[in-house]
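I opened the notebook with a simple plan: start at one end of the sheet, walk across it, then see what packs against it. Here are my entries, in the order I looked things up.

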Amino acid sequence: MRAPVVVAHALERRVRLRAPALAGHRGACERVAEQLAADPVCEVVTVRPATGSVVVERLDGGLDPERLCGRLAELVGEARDDEGHLLATPSPDAHPGPTRVARALAHAFAGINADVREALGYRADLGTLLPVVFATAGLAEVGVTRRLPAPAWFNLLWWSLRWFMTFNPGAVSEELRSAAGGVPGAPAAPGGGPGGACPPRGEL
């Protein structure tokens, strides 16, 4: 069985593949990384559970993107989640969910965030840097203008919506389950934490 896998980016010694079925399955990502790293050609294998992105690197010699794509498709097709079920990429028509544009944007930002986190040695990411940048910019504006401007109406609207969602997670979860065909009032499924990058071969 072959799972959908595409070549996202390819250089002579570095290939980035995308396997949507791996997203959210850290255990399966680690097992697939181990199996892929068993190939002598794949000297460094990094899998990001948050996005299902797989990066293969070779220190000496070239890589064949199509061959790697086929091999990864076989491994993902045989991979199972922590409950022993085969991984499956959800069909867009199976249940209401994010739009195609929302998925593309989320995937793009998750990839950028993973690159930033990796570049900073996993000490910070966009979720850490952006609030600091915005807070610094706000303080700098007040320092330069010597005025404390009133917030714009759209900022107040955004803050009110954000505070509502922060302090009423139960109501928001019930509405989302109801929209997806679930039963209102049922307990929410426990959510997984944000996925990080699986370590390179030899550290799994």
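**Entry 1: the E1–E2 hairpin.** I began where E1 turns into E2, and found a hairpin that links the two strands through three residues. This is a predicted model, so I kept that in mind for everything below. E1 and E2 are antiparallel and share four bridges. I looked up one pair by name: Val6 has Arg18 of E2 as its bridge partner.

**Entry 2: across to E4.** Next I asked which strand E2 pairs with over five bridges. That turned out to be E4, again in the antiparallel sense. Here Val15 sits opposite Val56 of E4.

**Entry 3: the E3–E4 hairpin.** E4 covers residues 53-57, and five bridges tie it to E3 in an antiparallel pair. I noted Arg48 facing Ser53 of E4. Four residues lie between the strands of this hairpin, and one residue to look at there is Gly52, whose phi is positive, near 75 degrees.

**Entry 4: the whole sheet.** With the pairs written down, I could put the strands in order. The sheet is open, has four strands and reads E1-E2-E4-E3, with antiparallel pairing. E1 (6-10) and E3 are the edge strands, each pairing on one side only. From one strand to the next the twist averages 20 degrees.

**Entry 5: helices on the sheet.** What packs on this sheet, touching E3 and E4? I found H1 (residues 26-37) there, with its direction at about 160 degrees to that of E3. H3 (residues 100-119) packs on the sheet as well, where it touches E2 (14-18) and E3; its direction is at about 130 degrees to that of E3.

**Entry 6: is edge strand E3 buried or exposed?** I checked E3 (residues 44-48) residue by residue, and five of its five residues are buried. Val44, Thr46 and Arg48 point one way, while Val45 and Val47 point the other way. Arg48 caught my eye on that list, since I had already met Arg48 opposite Ser53, and Arg48 too is buried.

**Entry 7: the nonpolar core.** I then turned to the largest nonpolar core, which has 27 residues. Those touching the most other members are Leu17, Leu22, Leu36, Val45, Val54 and Leu72. E2, H1, E3, E4 and H2 (65-78) are the elements that give two or more residues to this core. A general reminder for my margin: nonpolar side chains tend to be buried together in soluble globular proteins.

I picked Leu22 for a closer look. Leaving aside neighbours within four places in sequence, Leu22 contacts Ala28, Cys29 and Val32, then Val47, Pro49, Gly52 and Val54, and also Val76 and Leu87. Gly52 was a familiar name by then, from its positive phi in the E3–E4 hairpin.

**Entry 8: H3 against H4.** H3 also packs with H4 (residues 126-145), at an angle of about 85 degrees and with the axes 9 Å apart. That angle makes H3 roughly perpendicular to H4. From H3, Ile112, Asn113 and Val116 meet Leu126, Gly127 and Leu129 of H4. I sorted the residues of this contact by type: four are nonpolar, two are polar and none is charged.

**Entry 9: two backbone oddities.** Most residues other than glycine have a negative phi, so I listed exceptions. Tyr122 has a positive phi, near 60 degrees. Tyr122 belongs to the loop between H3 and H4. At 46% relative accessibility, Tyr122 is partly exposed.

Arg146 likewise has a positive phi, near 60 degrees. Where is Arg146 found? Arg146 is in the loop between H4 and H5 (153-167). Its relative accessible area is 73%, so Arg146 counts as exposed.

**Entry 10: stepping back.** Last, I looked up the overall numbers. The protein has six helices and four strands, and along the sequence they follow β-β-α-β-β-α-α-α-α-α. Of its 204 residues, 25% count as buried. Among contacts between residues at least 6 apart in sequence, 59% join residues at least 24 apart.

Note on methods:
Residues are numbered from 1 along each chain as its sequence is written. This is a predicted model: local features need pLDDT of at least 70, side-chain atom pairs count only at pLDDT 80 or more; totals for chains, interfaces and linings use all residues. Side-chain values use heavy atoms; hydrogens and water are left out. Buried means under 20% relative accessible area, exposed over 50%, partly exposed in between (1.4 Å probe, protein chains only). Two strands pair if DSSP finds at least two bridges between them. Axes are lines fitted to C-alpha atoms, for helices over the stretch in contact, and angles run from 0 to 180 degrees between N-to-C directions. Contact means heavy atoms within 4.5 Å. Angles under 35 degrees count as roughly parallel, over 145 as roughly antiparallel, 65 to 115 as roughly perpendicular and the rest as oblique. Ala, Val, Leu, Ile, Met, Phe, Trp, Tyr, Cys and Pro count as nonpolar, Asp, Glu, Lys and Arg as charged, and the others, Gly among them, as polar. A nonpolar core is a set of buried Ala, Val, Leu, Ile, Met, Phe, Trp, Tyr and Cys residues joined through side-chain atoms within 4.5 Å.
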